[in-house]
Amino acid sequence: MKITEIRSKSIISASKIHDYVVNPYVGCAHGCSYCYARYMKRFTDHREPWGEFVDVKINAAELLAKEIKKKTRGNIWMSGVCDPYQPLEAKYELTRSCARIIVEHGWPLSVQTRSPLVLRDLDILRKGKDVEAGFSITTADERIRKMFEPCAPPIPERLKALRTLHDNGVRTFVMIAPILPGAVDLIDKIEGIADHIIIDRMNYNHADHIYKKHNLTHKNTDGYFAEAGELIAAKCREKKIELMWAY
Ligand code: SF4
């Protein structure tokens, strides 16, 4: 793993999904095989494979404190192209410092991760007036998780942390993206601990290597995502869980 401390020029970026996005790191040690963020490599000089480099924006909090005063108030998403609670966050605490500034300014914050390390920052998340925290969980099946996300925390740990967030009064969500085999079984496990669920399919543009490896075509997976989405939707209707489709 190549770790480099860098000083970024800016930290709050416009986002198509929320108003803004803050990425305290470039790269992600979780290195999920389907990760759409691997396109980031194009904008950096990195030659290492995705998941084997992380640039640490050591001035992230300093920049955020300045930029937040100049921007129109809006919802900030952490993070779009890295996991804000990837292992290096335990040492650098950049996400923690940024979250504290956002909450102190009373801005809405949406945190999304695969790591129970988010619980370290419960003190901050609980203070926010408009804060939500969610887990990305793509399957209930650990065998499938290990195939696609071998370096990310196990699913039972994520579910346990999700419950803790929820029990502590934080608004919670689960992002099932992409829907992997075994995802439908997640709904029973999520019931009562996630306030809403978002589902998405595989991002074809960044998953060609997976399609080649498993000899799939885009056409034959369209049916899979449509069917799996409908099964999840039916379960959510039954359990009265709010569901958003991203496709
Ligand atoms: S945790 Fe998110 S950002 Fe990190 S590799 Fe996985 S999908 Fe990409």
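1. Helices are DSSP runs of H or I with at least four residues, strands are DSSP runs of E with at least two, and both are numbered from the N terminus. Gly169, just after helix 6, takes a positive phi of about 85°.

2. The model is predicted: local features need pLDDT of at least 70 and side-chain atom pairs count only at pLDDT 80 or more, whereas totals for chains, interfaces and linings use all residues. Residues are numbered from 1 along each chain as its sequence is written.

3. The 13 residues of helix 6 should span 18 Å (1.5 Å times one less than the number of residues), and the end C-alpha atoms are 18 Å apart, in agreement with that value. Its buried residues (20 or more other C-beta atoms within 10 Å of their own, C-beta atoms being placed from the backbone) are Ile155, Arg158, Leu159, Ala161, Leu162 and Leu165. Seen down the axis of helix 6, these residues fall within an arc of 165° (taken from the directions from the helix axis to the C-beta atoms), so they line one face of the helix.

4. The face turned away from the buried side of helix 6 carries Pro156 and Asp167, both exposed (12 or fewer such neighbours). The buried residues of helix 6 pack against strand 8 (131-136), helix 5 (142-148), strand 9 and helix 7 (186-190).

5. Val170 lies in the loop between helix 6 (155-167) and strand 9 (171-176). Val170 counts as buried because it has 21 C-beta neighbours inside 10 Å. Leaving aside neighbours within four places in sequence, Val170 is in contact (C-beta atoms, placed from the backbone, within 7 Å) with Leu125, Arg126, Val131, Ala133 and Leu165.

Definitions and conventions: Two residues are in contact if their C-beta atoms, placed from the backbone, lie within 7 Å.
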